[in-house]
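Visitor: Hey, could you walk me through the charged contacts in this one? I haven't looked at it before.

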Amino acid sequence: MKHWILIALLLIAGCSSDSPEDRIIAMVDAMARAAEDEKMSPLRGAIADDYRDLRDNDRQAVLNIMRGVMLRTDNILVFPNVTAIRLATDDYAEVDVSVRFAGADWDRLSLRGSSYDFELEVRRSGDDWQIVT
């Protein structure tokens, strides 16, 4: 049953427009899937080379944090919800994302989780969008 739901969602996503908002949501969703699949390459592609956050983490530092979380957590589940997109220009936007994380322990049939809210600044880079802060 889950496979049919996923296929339906992919078909709906394939029919959506190519607006900046749609591309930003697709980037957030792709990052969530990459984290669940423990694939760093899509995450690296989504973080701008000049990334800097309020804690003074640069691109490499935030990628190391993500890598560490993946190494410590088995079966991570990521549920992003883009709550707002404010386009400042055609190439720059502020994005509010609420993300729920869960670490699954399939042996005990349990989930341990937490929720975080992120305020991102993203910039268009060619056809893609990247997080700059």
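Guide: Sure, let's talk about salt bridges and how exposed their residues are, keeping in mind that this is a predicted model.

Visitor: Okay, how many salt bridges does the count come to?

Guide: The count comes to eight salt bridges.

Visitor: Let's pick one. Which residue does Asp56 form a salt bridge with?

Guide: Its partner is Arg52, and the closest N and O atoms of the two are 3.3 Å apart.

Visitor: Is Asp56 buried or exposed?

Guide: Asp56 counts as exposed, because its relative accessibility is 53% and the cut-off for exposed is over 50%.

Visitor: And what about Arg52?

Guide: Arg52 has a relative accessible area of 40%, so that one is partly exposed.

Visitor: New topic: which residues are linked with Arg86 in a network of salt bridges?

Guide: Glu94 and Asp96 join Arg86 in that network. From Arg86 to Glu94, the closest N and O atoms are 3.3 Å apart. The side chains of Arg86 and Asp96 meet at 3.0 Å, N to O.

Visitor: Where do Arg86 and Asp96 sit in the chain?

Guide: Arg86 is in strand 1 (residues 76-89) and Asp96 is in strand 2 (residues 92-105). They are 10 residues apart, and the pair links distant parts of the chain.

Visitor: Back to exposure, then. What does Arg86 count as?

Guide: Partly exposed, because Arg86 has 37% relative accessibility.

Visitor: And what is the relative accessible area of Glu94?

Guide: For Glu94 the value is 32%, so Glu94 is partly exposed too.

Key:
Residues are numbered from 1 along each chain as its sequence is written. This is a predicted model: local features need pLDDT of at least 70, side-chain atom pairs count only at pLDDT 80 or more; totals for chains, interfaces and linings use all residues. Side-chain values use heavy atoms; hydrogens and water are left out. A salt bridge is a side-chain nitrogen of Lys or Arg within 4 Å of a carboxyl oxygen of Asp or Glu. Buried means under 20% relative accessible area, exposed over 50%, partly exposed in between (1.4 Å probe, protein chains only). Helices (H or I, at least four residues) and strands (E, at least two) are DSSP runs, numbered from the N terminus.
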